[in-house]
Amino acid sequence: MAEPEAVGSGTGGSPEPGSGTGTSTGGWRRPHGPLQRYYGPSTAEATEAAPDPADINGPHFDPEVFLTKIRSECPLAQLLAREAELGREIRALDSDMQTLLYENYNKFISATDTIRKMKVDFRHMEAEMDDLAANMAAISSSSARVSAALQDRHRRGAQLAGVQALLRKLQSLVEVPGRLRLWAAPGAEPARALRCHARARAVLRHYRHLPSFRAIEDESRAIMADLAQRLRARLRDETLDPKELTECVEMLLQLEEPPEELCEEFLSHAGARLEAELAALEAELPPPAPPGAAATPPPASDILDFVDRGSSAFVGSLCLLAGSYRSLFEGRAGAGPGRLEAFAAALTARYFELLERRLALERGLGDTSLLVRALDRFHRRLRALLELLPAAGAEAGAALVARAARERVDRYLRALQTFFMGCLGDVRQALAAPRPPGKEGPGLPDLLATLAASVLGQLKAVLAYVQLFTAKDVAFASLPYFKGEFCVEAVREGLVVAFVRWLCRTARGFADGPAERGAPAAPPALLLLLARLCLDYEATTISYILTLTDEQFPPQDGARAVTPGPVLCAEARAAAQRLLDHYVQAQGAAVAQMLRKSVETRDWLSTVEPRNVRAVMKRVVEDITAIDVQVGQLFEEGVRRAQSSDSSRRAFSVYSSSRAPGRYAPSYTPSAPMDTHLLSNIQKLFSERIDIFSPVEFNKVSVLTGIIKISLKTLLECVRLRTLGRFGLQQVQVDGHYLQLYLWRFAADERVVQGLLDEVAASAAHRCLDPVPMEHSVVELICERG
Amino acid sequence: SDSKVMTCAAVWRMPKELESGSHESPDDSSSNTQTLELLCHLDNTAHGNMACVMWEPMGDGKKVISLADNNILLWDLQESSAKAVLSSSAALEGKGQLKFTSGRWSPHHNCTQIATANDTTVRGWDTRSMRQIYCIENAHGQLVRDLDFNPNKQYYLASCGDDCKVKFWDTRNVTEPVKTLEEHSHWVWNVRYNHSHDQLILTGSSDSRVILSNMVSISSEPFGHMVDDDELSDQEDQHQEEKIKEPLQDSVIATYEEHEDSVYAVEWSSADPWLFASLSYDGRLVINRVPRALKYHILL
């Protein structure tokens with residue numbers, strides 16, 4: 001019994017158990033050492049104490065070593081003391097051992113007694129246990145008996161409880177028709193009736209083979225059918241608002257009405273409402289005008305208002321409808337998947353159509369910001385709808401917005417064109433206005449500046465308006481169309497480029513069209529003005545406009561190829577060239593006409609000796625001077641072929657002295673035609689061929705040269721068609737000299753003037769019956785006097 | 001005094017030797033110049049200056065039309081052309097002083113049509129009724145100088161004038177010209193269809209140039225692709241071959257600048273369709289040939 005203690009009180013570091021005995025003196029402990037060793041030494045002890053054979057208490061005690069050690073170390077007295085001490089210890093140990101033995105023995109005895117006593121007790125207890133078992137058996141048998149007796153009653157009780165519950169249910173079932181009737185009565189709570197019916201329905205259906213149940217079921221069904229009938233009637237009621245409609249349909253669905261049919265009714269009813277809304281919108285629109293009818297009056301409300309009402313009424317209702325449709329018919333067999341979409345698509349298509357018609361009414365330019373806002377609102381509402389109904393025509397809506405924007409841009413283009421035509425009209429008027437004497441009208445440069453500035457200003461204004469379509473706060477501006485195609489296709493190409501092209505075309509039209517087919521010809525000053533305008537466009541304006549456009553409507557990378565500036569510039573330049581050429585031709589033709597008439601109407605045979613330059617020549621010089629002034633207002637001077645300072649004198653001397661004597665010598669007779677032919681041919685060999693109606697350069701000298709060439713060539717051809725007398729020839733001589741005197745300074749190369757006039761004189765001599773030229777000094781005199 | 005210019009017309013006969021073909025040596029013909037034989041005068045004292053005289057094309061040489069101021073005079077030559085009898089006439093009435101400048105007798109429709117030009121207007125006349133049948137107002141921007149009928153296409157008419165243009169008209173639709181050429185830089189005085197290959201157009205102008213144009217697109221000869229494109233398009237070399245074969249476009253074939261002064265007359269040879277002559281103010285007569293390459297192109 002002490003073993004646990006002995007184990008616990010080992011000398012090693014093992015923890016002390018809580019008993020007090022462990023802390024007793026070493027003497028008490030010593031005998032436990034072997035016991036401890038028996039039970040296995042603690043590892044700690046084994047390692048801690050080095051074997052000391054001299055330790056009398058150690059496990060490795062060796063008496064021999066001990067003795068040897070004592071003997072060798074200690075003096076005798078000590079040895080004796082030691083011996084005595086050992087003897088004392090031995091005695092003490094012996095007595096201890098005896099005590100312990102005795103104690104153990106006592107304990108054995110008492111234990112044996114106890115065991116014996118226990119044996120007796122157990123025997124007694126066994127008998128009692130048997131008793132108990134018998135009793136228990138009795139108890140269980142009697143309990144079984146009792147419960148067997150009670151079982152029947154219990155069952156009946158339970159049965160009765162079941163019957164009662166059933167009866168309660170039955171009662172509620174029996175009450176169903178009454179309640180249903182109550183709730184389903186018109187104006188009552190059909191929803192409760194439905195709930196009630198829903199609960200009862202399954203049971204009724206299950207027990208319908210029982211006559212009484214069937215009666216109930218039939219009755220309730222009749223009631224519900226009645227209710228359904230009423231609900232349906234209500235469904236057809238036009239005044240139902242969407243919420244009621246939804247409720248109504250929901251109830252009908254619960255009544256297990258065929259969803260297909262309901263879906264149909266629901267949609268048709270909702271459709272009727274939406275149609276009504278559309279019709280209300282349509283009522284605002286004037287009836288589609290038959291083609292050719294007079295302009296319809298402007299719509300009563302503005303576009304923003306229209307779109308507002310359209311989106312709040314129609315689109316809102318459609319959203320509501322879509323939502324309730326989803327909740328009602330989602331997952332039901334009858335409602336085909338595409339049904340709502342098709343329905344909505346049809347309606348939105350009509351709505352779009354109406355909106356389109358309304359947009360078409362926006363004839364004037366009106367307020368673009370209003371239009372943009374209206375379109376923006378439309379687009380936003382449409383997006384809301386599209387989240388519900390992805391198939392309701394997203395593309396169509398976006399296309400509608402894009403079309404409206406495009407339409408507006410086109411309209412701006414037309415407005416620009418009209419504006420330009422208006423400006424041109426103003427210019428024409430200013431040109432045609434009779435000038436009060438002494439007061440100069442606005443000069444061509446002023447007119448040009450006004451025209452260019454107002455057109456450019458208008459274009460800028462239009463760009464600013466159009467930019468509203470791509471403003472950041474506008475929802476549809478983020479559509480890919482507005483980011484890419486609109487900027488490039490509509491604005492840059494469709495508006496700016498188209499306008500510039502149109503401008504060039506229109507300008508060209510003044511040159512190409514009228515002279516041909518009898519339309520009123522444009523005044524020459526206008527041609528000149530337009531030529532300058534086109535030239536300015538080519539030089540600066542086009543690149544400026546394009547840069548401006550590209551800044552305001554940045555083109556996307558990889559977008560469609562755009563018309564490059566140089567192409568437009570080339571067009572403008574071609575138009576300018578065409579206009580200027582036409583100007584030259586028109587002015588030349590005017591002067592030429594004058595000369596032709598003067599030559600054709602005169603009888604050159606019977607004319608008198610010339611005393612004066614003919615008036616028409618003075619008029620020609622005046623006209624050409626006027627043209628010179630006109631052109632000088634708009635075009636630079638240009639380069640003249642270098643001449644000596646005294647060019648007129650020199651030319652004059654060439655004209656008179658070196659060639660004239662040979663030609664006009666009195667000895668000249670038709671009998672020697674070879675001379676003149678040879679002379680003129682030799683002269684022509686050295687002169688360049690002159691193209692009469694040839695393109696001119698953009699400067700004053702070139703323009704004037706062109707006009708003079710045309711005029712003089714006409715004079716030449718006309719003179720060749722006439723037959724002249726002596727004085728006729730002399731008159732031509734005088735006229736030619738006069739022209740030479742006044743026209744050389746306008747031409748780029750005075751040799752052209754001189755050459756042509758020489759030919760006129762030579763041809764006149766050819767056509768003369770009596771070619772006696774006038775003395776040159778006389779010619780000079782007459783000219784100077786004139 | 002008697003200083004008055006009057007343009008008259010007369011019928012002459014060419015010397016027989018020239019008519020039958022000039023087989024004589026050039027020396028002979030130069031040594032003894034032949035004279036024309038005057039047959040009769042077309043009496044125009046009542047009608048004004050003669051502007052133009054036209055023989056009836058394809059006829060037996062019995063009918064002549066002359067234009068005098070604003071009158072169209074149809075003459076019958078009788079007694080072997082010794083006498084010209086005015087058979088019918090028509091006068092152009094209108095504002096101002098109208099004067100015919102030029103005219104042309106159509107070889108089509110049994111020679112019942114003529115075209116005349118006065119100022120900027122071209123008119124067509126029926127010689128049977130002497131009534132106007134069509135009128136091209138403002139055919140040219142300025143005076144119309146000359147006309148010519150396409151010898152192979154009965155409704156086609158070419159005109160030229162002081163606006164430096166040559167225009168081709170379909171007389172059934174006179175609102176717009178079928179084609180316009182603007183190659184000259186001064187008045188065009190003459191326009192002539194080649195007698196047999198009507199795509200060849202000759203024009204003379206006072207810019208001293210003669211221009212030969214090839215108006216394939218409005219000629220009577222087949223024009224355009226006659227070969228199926230698909231047949232040849234698949235192979236490269238065949239494609240190139242096709243390109244060579246491609247018919248010529250309307251184009252100027254040649255510009256003749258031999259003249260130093262205004263050219264007032266151009267005419268095709270009536271014997272050789274590839275030969276033409278032009279005459280300029282300085283008295284130079286130039287005879288040219290259609291370029292050989294073009295000739296072969298047309299013939300082959």
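## Helix H6: a salt bridge and a nonpolar patch

In this predicted model, A:Asp152 is partly exposed, with 39% relative accessible area. Its salt-bridge partner is A:Arg155, and the closest N and O atoms of the two lie 3.2 Å apart. A:Arg155 counts as exposed, at 52% relative accessibility. Both residues sit in helix H6 of chain A, and because they are three residues apart there, about one helical turn separates them.

Helix H6, which covers residues 76-184 of chain A, also holds A:Met118. This methionine is partly exposed, at 42% relative accessible area. A:Met118 belongs to a nonpolar surface patch together with A:Phe122, A:Met125, A:Met129, A:Leu132, A:Met136 and A:Ile139. Together, the patch residues have about 690 Å² of accessible area.

## Helix H14: another pair one turn apart

Let's move along to A:Glu407 and A:Arg411, which form a salt bridge with their closest N and O atoms 2.8 Å apart. They are four residues apart in helix H14 (residues 394-432) of chain A, so about one helical turn lies between them. A:Glu407 is partly exposed at 34% relative accessible area, whereas A:Arg411 is buried at 10%.

## Chain B and the wider set

In chain B, B:Arg192 and B:Glu267 form a salt bridge, with 3.2 Å between the closest N and O atoms. This pair links distant parts of the chain, 75 residues apart: B:Arg192 is in strand E15 (residues 188-193) and B:Glu267 is in strand E19 (residues 263-268). B:Arg192 is buried, at 7% relative accessibility, while B:Glu267 is partly exposed, at 34%.

Shared salt-bridge partners also join A:Lys713, A:Glu717, A:Arg720, A:Glu759 and B:Asp261 into one network. Over all chains, the whole structure has 28 salt bridges.

Technical notes. Residues numbered from 1 in each chain as written. Chains lettered and ligands numbered in written order. Predicted model: local features only at pLDDT ≥ 70, side-chain atom pairs only at ≥ 80, totals over all residues. Heavy atoms only, no water. Patch = residues over 30% accessible without salt bridge, like charges linked within 9 Å, V, L, I, M, F, W, Y side chains within 5 Å. Areas by Shrake-Rupley, 256 points an atom, 1.4 Å probe, with all protein chains shown as cover. Salt bridge = Lys/Arg side-chain N within 4 Å of Asp/Glu carboxyl O. Helix = DSSP H or I, 4+ residues; strand = E, 2+ residues; numbered from the N terminus. Buried < 20%, exposed > 50% of the residue type's maximum accessible area, 1.4 Å probe, protein only.
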